[in-house]
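The following report accompanies a model with more than one level of organisation. Please keep the sequence and the structure at hand while reading.

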Amino acid sequence: MNSVSTRPPHDTRVMLETPFHPRISAANGLQSWYNWKGYVSAERLDQIEFEYFAIRNATAVFDICPMTKYRIEGPDAEAFLNRLFTRDVRKIRTHRVGYGVWCDDAGQVQDDGTLFHLAPDVWRLCSQERCLDWLCWSALGFNVKITDETADVAGLAVQGPTSCAVFQSMGLEGIEALKPFELRYFPFQGGELMVSRTGFTGDLGYEVWTSRELALPLWDALFTAGEPHLIRPIGSAALNIARIEAGFIMAGADFVPAEQCIRHGRSRSPFELGLEWLVDFGKGPFTGRRALLAEQTKGSRYRFVRLDVEGNKPANNSFIFGAGQREVVGTVTSAVWCPTAKCNVALASLDMPHGRPGEELWAEIYYMRELKWTRVMARARVLEGPVFDPPRRRQTPAPRF
Amino acid sequence: MTERHDVIVIGAGHNGLVCAATLAKAGRKVLVLERASHAGGAAHTRDFASGFSVSAGAHLLTHFPQDLITELQLQRHGLRFAATDLASVHLQTDGRHLVLDGPHASATDLSAEDAQAYAAFHADTASYAAILASAFGRRPPRLVDSDWHDRLGMLKLAWDIRSLGRDRMREVLRIGLMNIHDLATESFTDGRVRSAVAFDAILGTGMGPRAPNTVMSYLYRRTADAFGRRGPALPTGGMGAFAEALQACAVARGVDIRLQTEVKCLRIEDGRATGVVLKSGELLSAGTVVSNADPRSTLKDLVGYRELDAGVVRRVEGIRMRGMAAKLHLALDALPNIPGLDPARLGNRLVISASLEGIEEAMNASKYKQFSPEPVIEFCIPTLHDASLAPSTKHVLSAIVQYAPVDLAGGWTEAARAEFLARCMARFETVAPGIGALVSASELLLPPDLEREFGMSGGHWHHGEISVDQLLMMRPIVLHAQYAMPVEGLWLCGAGAHPGGGVMGLAGRNCAREILRGRPRA
């Protein structure tokens, strides 16, 4: 009995709360929650339209604490990451952030993520999926230390045209000079904030990171400064509209992470996700290199496309038919009506050789109205790029709205 | 050394030599690099005490196929046998020893039913093992992205099994993954026969008789019959002389062999092996590099994990190669007295085993990183056939003793070695009372010693456990089981590749054939 009583009490919580939970819970009028990697996360707090337009017209704040975060440090950190990622991480200089993917041996994407070069030999990898096991196997032969710091780092995505002004009002001097994919440290209430000009909305926006302890002071300072700039907390539903509008893929929706894929041939390579610009064969060995070289010779099976679908019914889970409407040539992986671009966008995976820009296809859309299912065939045109890509996303110094 | 070679073979073990000789015959210019001062690897005869020599690694030739001996003309190159087709004598403390000579089992008060059952068992298992042996002669088929050659291989395997007839096909499928304890128990009533069969299944492995798929490891051993060996053979001059014949064959075919030349690592350019870097710093180039080292040393040390896909690394780390078998060499002033044994049988393969439960208990200790309190032993006295190995009237006893885990808790200190040696000698005393007084010198080679002397990871002389998850298309690792390693231009020809360990030579020959077949598929 003695030995039992000296042990720390068993953690009986079914769901974890992020450090921002007290504020988000108070703001969450709908009390609409979902499970994001074990954390209670807001799906929506209010009308989704209010939240979406906060992203595009003001400033939206989204809690990204549940995002998986690994700290990677040591003399071989760069070499380790270069063997893990398909892109050349040596080009991501200190205080820069890089987007990238990593593959299994067969060249199939395990996940995508952002890599923060925090300091020389110190990096942070943010990803959708947990992958510590894979990172540890990949670390054999490298002098590198990997720590899961998901629970120790608090993060908020602060996105929207007035986001720069909010940080300026908060006293983050020089924030407007921060270039896209750059990061900078700011002193904050005896501690430190790290701000990076990154995000998942395709808009002007930032992500701000700090310790658990400073989470609530950060939230309060942000919302005090942001009030005149119409700052608003948002849930994942609004963010999802913004990311599809910006044409970003998401693990679990637009591709199945290779380590979770059971059926042969259902995973995707970087080429099949439109990410060939992230594959660098010249940089030396990396996991999946041989398979991707072979794919380059042999040809890919799928092509990732953004489609402009006629009408306003989102083509969720639709089959995509060829021009003659006879054969199925692919499926939609994400779809939404995009309010700013005024466009009915679908992200889809098509069988090769379909999907060249401008190709005319058909989306088979089912929808139900009061127990009646209706099927429409809607024209779908392959787009050249994302439908939403405003100049403010890249402008430096960041414009003040 | 400005001379160009087509192929560099790292390691002059028997498989490396067979591979080199096979490639040379097809016209390839081959260079073999060997760390030690002799060729042959663990097939090596050396002194262990003044005037006493012994086969330091493998001590009996059990599996090397007769047709490979013919193909390599080893007899022309000096191979002589001091003895062939040795029987196995399973010694009992009460003197009621069991003799297994081919299909014939004999012992005091062995029932006619058991003798008959053994003959039938021997014939059945020989026919099942023949299917394995046939598969051993080919590259293992690939299940994913297979080509016509693979599909033919699968068809051949399926056809061989089907050709056994319906009942025996069912039987082989029934017993294939069973444990030898259950099969021996249902097949025989005599405890001696049961444990004799079980001993052959676990020798050289880390498994006990109750471990799943020990029937497979028994069949693995029984492939020897299909290779033309009714029982083990002793080359004149020990296993080192066998290696010398292989070496002579390779040299005669134009192979260059450089001894005392240790390779530091492979040279890899743009994902392709283009040569080797020696410890001395010298760089040797070749379009094809073949490693006779075990798969883990090859991929971890010679290639380096950084060059490989992380999934390959994960699988290489998963290869089970925990050495459990030690070698014990005794210099004897006279022949030991084994009560109840016909003196004419003393020159055979001798076994000091235990009941099925006793073997299992011997293994149990090893699970917890302890050595067996009562080790099980295979031994022979080669000087009875080959007097050249010891001073006249004196003898050499060579034994394999297990289980002696490579990773003994607390390490193999002097005290641990002395204790394990004492345990082994106590086992010898149970069947050969007074043998201890005859010993003038002894040498105990534990798995860490074997690792050091012969460069095998974990001291595992099969370069990886012989079990069904590490055989055929899973040896050494799945997707890279056709000798071509995940680095282009690098091949594996040792026991870690299909079909596996034992001085068999087929890994080397199959590997050479694959190299000659041309570029592997990606």
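In this predicted model, helix α8 of chain B bends by about 25° at B:Tyr220. The helix runs over residues 214-226 of chain B. A rise of 1.5 Å a residue gives an expected span of 18 Å for its 13 residues, and the C-alpha atoms at its ends are 19 Å apart, so the two values agree. Is α8(B) mostly covered or mostly uncovered? It is mostly covered, since 13 of its 13 residues are buried. Just after α8(B), the backbone at B:Gly228 adopts a positive phi of about 90°. As a general point, an α-helix has 3.6 residues a turn, so residues three or four places apart point the same way.

**Two individual residues of chain B**

B:Lys25 is placed in helix α1 of chain B, which covers residues 14-25. Why does B:Lys25 count as partly exposed? A residue is called buried with 20 or more C-beta neighbours within 10 Å and exposed with 12 or fewer; B:Lys25 has 18 inside 10 Å and therefore counts as partly exposed. Along the chain, B:Lys25 and B:Ala241 are 216 residues apart, and their C-alpha atoms are separated by 22 Å.

B:Gln370 is found in a loop of chain B, between α12 (356-367) and β17 (376-380). With 16 C-beta neighbours inside 10 Å, B:Gln370 also counts as partly exposed. Its C-alpha atom is separated by 5.7 Å from that of B:Leu408, although the two residues are 38 residues apart along the chain. Which residues are in contact with B:Gln370, leaving aside its neighbours within four places in sequence? They are B:Ala365 and B:Ala409.

**The overall form of each chain**

Chain B contains 16 helices and 20 strands. Its radius of gyration is 22 Å, close to the 24 Å that the globule rule gives for 522 residues, so chain B is as compact as a globular protein of that length. In chain A, the secondary structure comes to nine helices and 19 strands. Chain A has a radius of gyration of 22 Å, and the globule rule gives 21 Å for its 401 residues; these values are close, so chain A is as compact as a globular protein of that length.

The table sets out the share of buried residues in each chain.

| Chain | Residues | Buried residues |
|---|---|---|
| Chain A | 401 residues | 47% |
| Chain B | 522 residues | 56% |

Measures of extent can be added to this picture. Taken along the principal axes, the C-alpha atoms of chain A fill a box of roughly 65 × 60 × 50 Å, and those of chain B fill a box of roughly 65 × 60 × 50 Å. Contacts between residues at least 6 apart in sequence may also be examined for each chain. In chain A, 68% of such contacts join residues at least 24 apart, while in chain B the share is 73%.

**Domains within the chains**

The domain assignment of chain A gives domain 1 (15-67 + 151-246), domain 2 (68-148) and domain 3 (302-387). The centres of domain 1 and domain 2 of chain A, taken over C-alpha atoms, are separated by 24 Å. Nine residues of domain 1 of chain A are in contact with nine residues of domain 2 of chain A. On the domain 1 side of this contact in chain A, four residues are nonpolar, two are polar and three are charged.

For chain B, the assignment gives domain 1 (7-46 + 62-82 + 236-320 + 463-517), domain 2 (113-226) and domain 3 (325-404 + 407-445). The C-alpha centres of domain 1 and domain 3 of chain B lie 31 Å apart. Contact between these domains of chain B involves four residues of domain 1 and five residues of domain 3. The domain 1 side of that contact in chain B comprises one nonpolar, three polar and no charged residues.

**The contact between the chains**

How many residues does the contact take from chain A and from chain B? It takes 15 residues from chain A and 13 residues from chain B. On the side of chain A that touches chain B, α5 (132-138) and α9 (289-298) of chain A each supply at least two residues. By class, that side of chain A has six nonpolar, four polar and five charged residues.

Conventions: Residues numbered from 1 in each chain as written. Chains lettered and ligands numbered in written order. Predicted model: local features only at pLDDT ≥ 70, side-chain atom pairs only at ≥ 80, totals over all residues. Domains from an automatic or database assignment. Contact = placed C-beta atoms within 7 Å. Nonpolar A, V, L, I, M, F, W, Y, C, P; charged D, E, K, R; others polar. Helix = DSSP H or I, 4+ residues; strand = E, 2+ residues; numbered from the N terminus. Rg over C-alpha atoms; globule rule 2.2 N^0.38 Å. Expected span 1.5 Å × (residues − 1). Bend = angle between axes of the 7 residues up to and from the residue.
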